[in-house]
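Visitor: I would love to learn how labels get attached to a protein model. Could you show me one and explain the words as we go?
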Amino acid sequence: MVTGCVDLHQSFKSADSSSVPIPPPLPSKSDGLKKKLGHSSVSTATRDMWDRLFNDGYKADVVIYTDNGSIIYAHANILGTASTVIKGMLKQAKRHGKWHTISIRGVPHDAVRVFIRFLYSSCYEKEEMNEFIMHLLLLSHAYVVPQLKRVCEWHLEHGLLTTENVVDVFQLALLCDFPRLSLISHRMIMKHFKELSATEAWTAMKKSHPFLEKEVRDSVIIEANTRKERMRKRNDQRIYSQLYEAMEALVHICRDGCKTIGPHDKDFKPNHATCNYEACKGLESLIRHFAGCKLRVPGGCVHCKRMWQLLELHSRVCAGSDQCRVPLCRNLKEKMEKQSKKDESRWKLLVKNVLGSKKIGGSPFFLPVTNC
């Protein structure tokens, strides 16, 4: 049963020159695959006629020798029209007195037969395509048959490219100028590198194309490092965003008050509204610990050390220390002048990243983002 055909011949119907031609129907979504593969409305009878011409060899004038001494009979006009390379081979054979005698070796006889049949009717069997996809890919490139090349590429992209043949397809795609297929196969190799690097196909590629194998291995390393760097930046961004939210919650607690912590002149209502700052609850617990801890010196307690860092960070992002109600804000700003250049650079970078995480520019209580 024929499962795929691509038309090489167009049929035309005569029409009255005075009549207005009827426009073709709009293509449906289901016709997308057929259009990509070049399918047309050529009748089954026409395709069968071309297949029969090939199978019967009626008035064939070309002898094609394949491996194991097998022979395929064909027609010079059809082969020459379908492939400029075969056309040149036929001319060369004629000049040497070998009337229409050519050889196609290096691939199985059945694969050559499927290839020649495609030149006649652009038809192929699904089972044959599955079995000889690699050979047909090579033949389509070697004999310059773009339609078969596209068909093979499409089938590999949509199911026939597997971890068992991807290494071979990758090499063949580079050899036969299949940029899209080489990219797709390279992605699959990157995804299953650990599994594929232990196969015989990989060992064969390492022996035959050592530089290519090294490039693929290097690209895997680069991709892994890029992924790690991307993950690190994502984690850093999350931390900067959390620090910014903590700065907001700290100003909120010390200026407006929340739950049971706030300025001394603030009276709390029994039914306090739900706080909109997610960091507020954890920050209240940290402030409570900081107020009662006996080791409340920098470096004395892990929790207190964290609180000191938050207070210093706030002092660096605060836009107005004179009116700020966060404890030690003004004192810590004065302390900045005594820090080393190395520490100062680190703090400036942290401030820039924290403010940049929320794109702060016109906040009433934070400094604008600067390029430092």
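Guide: Gladly! Let's start with a rule for angles: those from 65 to 115 degrees count as roughly perpendicular. Keep in mind that this is a predicted model.

Visitor: Why are helix 14 and helix 16 called roughly perpendicular to each other?

Guide: The axes of helix 14 (residues 302–317) and helix 16 cross at roughly 75°. That value falls in the range of 65 to 115 degrees, so the two helices are roughly perpendicular to each other. Their axes come within 10 Å, and the contact is made by Q309, E312, L313, R316 and V317 of helix 14 with E344, W347, L350, V351, V354 and L355 of helix 16.

Visitor: What makes helix 12 and helix 16 roughly perpendicular to each other?

Guide: Use the rule again. The axes of helix 12 (residues 210–255) and helix 16 (residues 341–357) come within 8 Å and cross at roughly 85°. With 65 to 115 degrees as the range, helix 12 and helix 16 are therefore roughly perpendicular to each other. Here the contact joins Q237, Y240, S241, L243 and Y244 of helix 12 to L350, N353, V354 and S357 of helix 16.

Visitor: Why is Q242 called partly exposed?

Guide: Q242 lies in helix 12, and its relative accessible area is 45%. Buried means under 20% and exposed means over 50%, with partly exposed in between, so Q242 is partly exposed.

Visitor: How far apart are Q242 and E278, in sequence and in space?

Guide: Q242 and E278 are 36 residues apart in sequence, and 9.5 Å separates them in space, C-alpha to C-alpha.

Visitor: What makes Y65 partly exposed?

Guide: Y65 is found in strand 2 (residues 62–65). Its relative accessible area is 31%; partly exposed lies between the cut-offs of 20% and 50%, so Y65 is partly exposed. Together with I71 and Y73, Y65 makes a nonpolar surface patch of about 280 Å².

Visitor: How do you know that helix 8 is mostly covered?

Guide: In helix 8 (residues 166–175), 7 of the 10 residues are buried, and buried means under 20% relative accessible area. These buried residues are V166, V167, V169, F170, Q171, L172 and A173.

Visitor: What covers the buried residues of helix 8?

Guide: Their cover includes helix 6 (126–142), helix 7 (146–160), helix 9 (179–191), helix 10 (193–196), helix 11 (200–208) and helix 12. Just after helix 8, D177 takes a positive phi of about 60°.

Note on methods
Residues are numbered from 1 along each chain as its sequence is written. This is a predicted model: local features need pLDDT of at least 70, side-chain atom pairs count only at pLDDT 80 or more; totals for chains, interfaces and linings use all residues. Side-chain values use heavy atoms; hydrogens and water are left out. Patches are made of residues with over 30% relative accessible area and no salt bridge: like charges are joined within 9 Å, nonpolar side chains (Val, Leu, Ile, Met, Phe, Trp, Tyr) within 5 Å. Accessible areas come from the Shrake-Rupley method with a 1.4 Å probe; for residues, only the protein chains shown count as cover. A salt bridge is a side-chain nitrogen of Lys or Arg within 4 Å of a carboxyl oxygen of Asp or Glu. Helices (H or I, at least four residues) and strands (E, at least two) are DSSP runs, numbered from the N terminus. Buried means under 20% relative accessible area, exposed over 50%, partly exposed in between (1.4 Å probe, protein chains only). Axes are lines fitted to C-alpha atoms, for helices over the stretch in contact, and angles run from 0 to 180 degrees between N-to-C directions. Angles under 35 degrees count as roughly parallel, over 145 as roughly antiparallel, 65 to 115 as roughly perpendicular and the rest as oblique. Contact means heavy atoms within 4.5 Å.
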